Amino acid sequence: GLTRIDHVGIACHDLEEKIAFYESTFGLVVASREVNEAQGVKEAMLHVADGPAGSSYVQLLEPLGPDTPVGRFLAKRGEGVHHVGYGVDDVAAALEAIGAKHVRLLDERPRHGSMGASIAFLHPKDVGGVLTELVQAAKDPRQGR
Ligand code: V0V
Ligand code: CO
């Protein structure tokens, strides 16, 4: 099952500007920055809190170009909440269980996510309009979570 909210993904035009906003407004601290070519994003994770099931973050996302998931989202809807990422213990097992319930999987197999996580997305049209990400954190705590 789902163990926590791992992160809320927020689409923006200017990553550095939004990082500065979250730092100065909420006092959040950047835990990691990464360019993920496969996902078409430059992203930063800002640490919010630590809980019994792991940590939670705000993920700020700037598109690498207009023809990417976040680039298309910004053109259509503008800046704002892009996806919710839930923690799971085993993303492959979660995909199998959820795929059996007529929810379309955007990823048949886990892919590389922020801070060494294994991630997979579910189609927003099958989750009430919410792009939903499953996140299995890296086992090695040095990788962040
Ligand atoms: C698109 N739609 C959304 C949406 N993006 N609805 C809710 N939330 C979103 N974020 C709607 C859109 O309004 C359309 O509905 C419909 O889905 C098809 O969208 P589209 O404009 O054709 O856009 P596409 O071609 O980008 O397809 C949308 C999907 C795509 C969701 C299939 O963006 C995708 O595969 N996303 C998964 C990968 C991803 O988002 N990566 C970036 C984050 P109407 O208007 O026709 O009704 S990477 C990340 O989070 C990482 C690395 C991490 O956490 O570690
Ligand atoms: Co994400």
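Q: How many Å separate an oxygen atom of ligand 1 from an N or O atom in the side chain of His83?
A: This is a predicted model. A polar contact is a pair of N or O atoms within 3.5 Å. The pair here joins an oxygen atom of ligand 1 to the side chain of His83, and its distance is 3.0 Å.

Q: Which residue has a side-chain N or O atom 2.7 Å from an oxygen atom of ligand 1?
A: The side chain of Lys76 has an N or O atom 3.0 Å from a ligand 1 oxygen. That leaves the value of 2.7 Å to another side chain. The residue is Glu133.

Q: What percentage of the area that ligand 1 exposes when taken alone does the protein bury?
A: Ligand 1 sits in the largest pocket. Taken alone, ligand 1 exposes 1000 Å². The buried part of that area is 77%.

Q: Which element supplies the largest share of the shell around ligand 1?
A: The shell holds 22 residues, with Gln39, His82, Ser114, Lys125 and Glu133 the closest. At least two residues come from each of α2 (69-77), β5 (80-88) and β7 (118-122). The largest share is six residues, and its source is α2.

Q: How many residues of the shell around ligand 1 are charged?
A: The shell divides into three classes. Eight of its residues are nonpolar and nine are polar. The charged ones number five.

Q: Which strands are the edge strands of the open sheet?
A: Eight strands form the sheet, in the order β2-β3-β4-β1-β5-β8-β7-β6, with mixed pairing. An edge strand here pairs on one side only. The two are β2 (29-36) and β6 (111-112).

Q: Which residue in β4 is the bridge partner of Met45?
A: Strands β3 (residues 41-51) and β4 (residues 54-63) run antiparallel. They are joined by 10 bridges. The β4 partner of Met45 is Gln59.

Notes
Residues numbered from 1 in each chain as written. Chains lettered and ligands numbered in written order. Predicted model: local features only at pLDDT ≥ 70, side-chain atom pairs only at ≥ 80, totals over all residues. Heavy atoms only, no water. Near = heavy atom within 4 Å. Polar contact = N/O pair within 3.5 Å; in protein donor to acceptor, adjacent residues only side chain to side chain. Areas by Shrake-Rupley, 256 points an atom, 1.4 Å probe, with all protein chains shown as cover. 1 Å grid on protein atoms, 1.4 Å probe; cavity = no way out; pocket = protein on both sides within 12 Å on 5 of 7 lines; lining within 4 Å. Sits in = over half its atoms within 2 Å of the grid points. Helix = DSSP H or I, 4+ residues; strand = E, 2+ residues; numbered from the N terminus. Nonpolar A, V, L, I, M, F, W, Y, C, P; charged D, E, K, R; others polar. Pairing = 2+ DSSP bridges.
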